Amino acid sequence: TLTLSGCVIRGNATRFGAGAYNAAGARLTLDATVVAGNDAINGGGGTYNEGDLVVRNGSTIGSANPDDGNVARFGGGLNNQGTATATFAKGTKVIG
């Protein structure tokens with residue numbers, strides 16, 4: 001279990017989950033956090049999720065600025081795999 005609160009995750013690059021990689025059986029909570037400007041070659045530029053993802057408290061995955069969005073072949077903002085769950089509270093955004 002990991003909670004990121006008040007964070008900015010930006011400028012990362014990898015094959016999967018450049019902003020965050022949440023493995024099967026894990027729980028990732030983004031609380032008032034921005035995930036933008038990340039680049040994954042395959043999936044999940046912003047977040048690659050195989051587990052339980054909770055996005056709350058005004059968190060944003062992506063950016064309204066096209067130059068600062070998350071990029072990936074599959075799921076630029078979010079790639080949700082298999083039986084993974086993603087819960088978004090009111091006031092949160094996934095852009096791109």
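Is Ile-9 buried or exposed? In this predicted model, Ile-9 has a relative accessible area of 13%, and because buried means under 20%, the residue counts as buried. Its place is in strand β2. When residues up to four places away in sequence are not counted, Ile-9 touches Leu-4, Gly-19, Thr-33, Val-34, Val-35, Ala-36 and Asn-38. With one of these residues, Ala-36, the separation along the chain is 27 residues, while the C-alpha atoms of Ile-9 and Ala-36 are separated by 6.4 Å.

Ile-9 also belongs to the largest nonpolar core, a set of 9 residues. The other members are Leu-4, Ala-20, Leu-28, Leu-30, Val-35, Leu-53, Val-55 and Ile-61. Two or more residues of this core come from each of the elements β5 (27-31) and β9 (52-56). In soluble globular proteins, nonpolar side chains tend to be buried together. Val-35 offers a further view of the core to which it belongs. Leaving aside its neighbours within four places in sequence, Val-35 is in contact with Ile-9, Leu-30 and Ile-61, and also with Gly-19, Gly-46, Thr-47, Thr-60, Gly-62 and Asn-70.

The strand that holds Ile-9, β2, leads to the sheet. An open sheet is formed by 4 strands in the order β2-β6-β10-β14, and the pairing is parallel. Its edge strands are β2 (8-10) and β14 (93-94), each of which pairs on one side only. Strand β10 (residues 60-61) is joined to β14 by 2 bridges, and these two strands run parallel. Here the core member Ile-61 stands opposite Val-94 in β14.

Between β9 and β10 the chain passes through a loop, and Asn-57 has its place there. Asn-57 has a relative accessible area of 52% and is therefore exposed, since the cut-off for that class is over 50%. Along the sequence, Asn-57 and Leu-30 are 27 residues apart, yet from C-alpha to C-alpha they are 8.2 Å apart in space. Leaving aside its neighbours within four places in sequence, Asn-57 is in contact with Asp-31, Ala-32 and Thr-92. With Asp-31 there is a polar contact of 3.5 Å, made between the two side chains.

The aromatic residues present another set of links. How many aromatic pairs does the count come to? The count comes to 2 aromatic pairs. In one of them, the ring centres of Phe-16 and Tyr-48 are 5.2 Å apart and the planes lie at 65°, so the pair is edge-to-face. Because Phe-16 lies in strand β3 (residues 13-16) and Tyr-48 in strand β8 (residues 47-49), this pair ties together parts that are 32 residues apart in sequence. Phe-16 counts as partly exposed at 32% relative accessibility, whereas Tyr-48 counts as buried at 8%.

Tyr-48 also pairs with Tyr-21: their ring centres are 5.0 Å apart and their planes are at 25°, so the pair is stacked. Tyr-21 lies in strand β4 (residues 20-22) and Tyr-48 in strand β8, so this pair ties together parts that are 27 residues apart in sequence. At 44% relative accessibility, Tyr-21 counts as partly exposed. Phe-16, Tyr-21 and Tyr-48 thus form one aromatic cluster.

Methods:
Residues are numbered from 1 along each chain as its sequence is written. This is a predicted model: local features need pLDDT of at least 70, side-chain atom pairs count only at pLDDT 80 or more; totals for chains, interfaces and linings use all residues. Side-chain values use heavy atoms; hydrogens and water are left out. A nonpolar core is a set of buried Ala, Val, Leu, Ile, Met, Phe, Trp, Tyr and Cys residues joined through side-chain atoms within 4.5 Å. Buried means under 20% relative accessible area, exposed over 50%, partly exposed in between (1.4 Å probe, protein chains only). Contact means heavy atoms within 4.5 Å. Two strands pair if DSSP finds at least two bridges between them. A polar contact is a pair of N or O atoms within 3.5 Å; within protein, one must be able to donate a hydrogen and the other to accept it, and residues adjacent in sequence count only if both atoms are side-chain atoms. Rings of Phe, Tyr and Trp (its six-membered ring) pair if their centres lie within 6.5 Å; planes under 30 degrees apart count as stacked, over 60 as edge-to-face and the rest as tilted.
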